[in-house]
Amino acid sequence: MFGENHAHIFMNAVNYRQAVRKHENGVDEEVIHSHFRAYQEKNISFVRDGGDNLQVSKRAKELAGEYGIDYRTPVFAIHRKGHYGGIVGRGFENLKEYAALVKEAGAQGGDFIKIMTTGIMDFNTDGSVTETPLSFGEVKEMVHIAHEEGFSVMAHTNGARAVREVVEAGADSVEHGNYVDGETIQAMAESDVVWVPTITVVKNMIGCGRFSDKVLKKIWETGSRNIRSAFARGVHMALGSDAGAYRVYHGQGLADEWNCFKEILGDSQPVQQRLLEGEQRIQEKFQRQ
């Protein structure tokens, strides 16, 4: 019924370094085939990737048709050098280099541009994000450059102010969006942005022993409240699990994300309809114009 709106085909949900080693000497196509079979078995026919720096998602786009999957990819994500993002993409030092990477993504067949504007959740604390976010001025220009080249923009962003600013900058989707507040949720509601919370990443780690369950449960509770608030205010949302991340398996990850939403919002026709509408927005926008 739903598509997977945030995945990383090169990751294996077990060990990031192990996943990278699989492709260090060239793309291991069996990894791609295995993950596409997992989606096929779950009747998932739409997958939007978050990119990688190993050419895996580029090759996956060429193979997806064999499985009847509409697969979209930025090829690689783009981050400012010295900031988070190297695990999934390419870095820039100035906007001239950024613009060149946008053009390169297009030349390699990218369907959209993915930008990294913040770090990730610090799972050792509750409420903090690693690293300082990029400035609003820089993010706004990054979005503008991508739009000028005919691309929609997928933004990896966490933290209330950073999410609000990326929405104000005109990004087309917000990925993760952890620790948003009421003002930020209202800004999303008043925009056309689609929020893809990927909250199963947190839920699936509870009980694994990797991080404190007390902290993980607090993050889950905060995320759940924000999803309820966003739904009540009319924010466009879509299901994406961050498949490939730790304990988030390809194919199953989407089912896990849907289970999270059902737990948070209930299994009702209005909830399903809103998520399908959000996904439809993504399918329509996240292809090069």
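Let's start with a hole: the largest pocket in this structure holds about 760 Å³ of space. Of the 32 residues that line this pocket, Tyr84, Ile87, Ile120, Ala245 and Tyr246 sit closest to its centre. Keep in mind as you look around that this is a predicted model.

Who else contributes to the wall? Helix 1 (16-23), strand 6 (113-116) and helix 8 (200-203) each give at least two residues to the lining of the largest pocket. Sorted by class, that lining has 18 nonpolar residues, ten polar ones and four charged ones. As for how such spaces are found, rolling a probe the size of a water molecule over the atoms shows where empty space is left.

Now hop over to the second largest pocket, with a volume of about 150 Å³. Its lining is made of Met1, Phe2, Lys42, Asn43, Ile44, Gly251, Leu254, Ala255 and Trp258. By class, that gives six nonpolar, two polar and one charged residues around the second largest pocket.

Let's step back and take in the whole protein. There are eleven helices and ten strands to find your way through. Along the principal axes, the C-alpha atoms fill a box of roughly 45 × 40 × 35 Å. How does the radius of gyration fit with a compact globule? For 289 residues, a compact globule would come out near 19 Å, and the protein has 17 Å, which agrees. Of those 289 residues, 55% count as buried. Contacts tell you about the fold too: among those with a separation of 6 or more, 70% are between residues 24 or more positions apart.

Next up are the charged side chains. The structure holds 15 salt bridges, and three of them make a nice little tour. First stop, arginine 59 and glutamate 62: they form a salt bridge whose closest N and O atoms are 2.7 Å apart. Both residues lie in helix 3 (residues 56-63), three residues apart, which is about one turn of the helix. Arginine 59 has a relative accessible area of 25%, so it is partly exposed. This pair also has company, since Glu29, Arg59 and Glu62 are linked in a network of salt bridges.

The next stop is glutamate 138, which forms a salt bridge with arginine 80, the closest N and O atoms being 2.5 Å apart. Here the pair ties together distant parts of the chain: glutamate 138 belongs to helix 5 (residues 136-148) and arginine 80 to strand 4 (residues 77-80), 58 residues apart. Is glutamate 138 buried or exposed? Its relative accessibility is 13%, so glutamate 138 counts as buried.

The last stop is the salt bridge where the side chains of lysine 285 and aspartate 172 meet, at 3.0 Å from N to O. This pair, too, links distant parts of the chain, 113 residues apart. Lysine 285 is in helix 11 (residues 269-285), and aspartate 172 is in the loop between helix 6 (160-168) and strand 8 (173-176). The two partners fall into separate accessibility classes: lysine 285, at 26% relative accessibility, counts as partly exposed, while aspartate 172 is buried, with a relative accessible area of 8%.

Methods:
Residues numbered from 1 in each chain as written. Predicted model: local features only at pLDDT ≥ 70, side-chain atom pairs only at ≥ 80, totals over all residues. Heavy atoms only, no water. 1 Å grid on protein atoms, 1.4 Å probe; cavity = no way out; pocket = protein on both sides within 12 Å on 5 of 7 lines; lining within 4 Å. Points joined across faces, edges and corners; volume = space filled by probe spheres on them. Helix = DSSP H or I, 4+ residues; strand = E, 2+ residues; numbered from the N terminus. Nonpolar A, V, L, I, M, F, W, Y, C, P; charged D, E, K, R; others polar. Salt bridge = Lys/Arg side-chain N within 4 Å of Asp/Glu carboxyl O. Buried < 20%, exposed > 50% of the residue type's maximum accessible area, 1.4 Å probe, protein only. Rg over C-alpha atoms; globule rule 2.2 N^0.38 Å. Contact = heavy atoms within 4.5 Å.
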